[in-house]
Amino acid sequence: MAAHRQITIADAVKTIDKVWLTQKSASAYLGVSVDFIKDLRLSGQLPYYMLGKLVFIKKNDLDKIIEQHRVI
């Protein structure tokens, strides 16, 4: 009989696909600098949300901005 592996909370959290990213996470996701993400935000090209002083960006918005700049 196969042994059952107990799933920890940490394992479960790792499997969740984050929808909201910090600027640092957003920059890592796209492989660009945090300053580049800030420039996109402040120029109005990238929508963002603020909770106090914290900045959050939807992963979907990052995907959209990349798709908008597709070269055919």
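This passage describes the overall make-up of a predicted model, two helix packings and the surroundings of two residues.

The structure is a prediction, in which local features need pLDDT of at least 70 and side-chain atom pairs count only at pLDDT 80 or more, while totals for chains, interfaces and linings use all residues. Residues are numbered from 1 along each chain as its sequence is written, and side-chain values use heavy atoms, with hydrogens and water left out.

The protein has four helices and three strands, where helices (H or I, at least four residues) and strands (E, at least two) are DSSP runs numbered from the N terminus. Read from the N terminus, these elements follow the order α-β-α-α-β-β-α. The accessible surface amounts to about 6,100 Å², and carbon and sulfur atoms hold 59% of it; the areas come from the Shrake-Rupley method with a 1.4 Å probe, and for residues only the protein chains shown count as cover. Of the 72 residues, 19% are buried, with buried meaning under 20% relative accessible area, exposed over 50%, and partly exposed in between (1.4 Å probe, protein chains only). Among the contacts (heavy atoms within 4.5 Å) with a separation of 6 or more, 47% join residues 24 or more positions apart.

Helix 2 takes part in two packings, described here in turn. Against helix 3 (residues 34–42), helix 2 packs at about 105°, and the axes are 8 Å apart. Axes are lines fitted to C-alpha atoms, for helices over the stretch in contact, and angles run from 0 to 180 degrees between N-to-C directions. Helix 2 is therefore roughly perpendicular to helix 3; angles of 65 to 115 degrees earn that label, those under 35 count as roughly parallel, those over 145 as roughly antiparallel, and the rest as oblique. On the helix 2 side, Q23, K24, A26, S27 and L30 meet V34, I37, K38 and R41 of helix 3. By class, this contact of helix 2 with helix 3 has four nonpolar, two polar and three charged residues (Ala, Val, Leu, Ile, Met, Phe, Trp, Tyr, Cys and Pro are nonpolar, Asp, Glu, Lys and Arg charged, and the others, Gly among them, polar).

Turning to the other partner, helix 2 (residues 23–30) and helix 4 (residues 59–68) pack at an angle of about 40°, their axes being 11 Å apart. The two helices, 2 and 4, are therefore oblique to each other. Here A26, Y29 and L30 of helix 2 meet K59, L62, D63 and I66 of helix 4. The contact of helix 2 with helix 4 has five nonpolar, no polar and two charged residues.

Helix 4 also contains D61, which counts as buried because its relative accessibility is 11%. Setting aside residues up to four places away in sequence, D61 touches L46 and P47. With L46, the sequence separation is 15 residues and the C-alpha to C-alpha distance from D61 is 7.0 Å.

Q45 sits in the loop between helix 3 and strand 2 (49–51). A relative accessible area of 43% makes Q45 partly exposed. Apart from neighbours within four places in sequence, Q45 is in contact with L40 and I65. Q45 and D61 are 16 residues apart along the chain, and 9.8 Å separates their C-alpha atoms.
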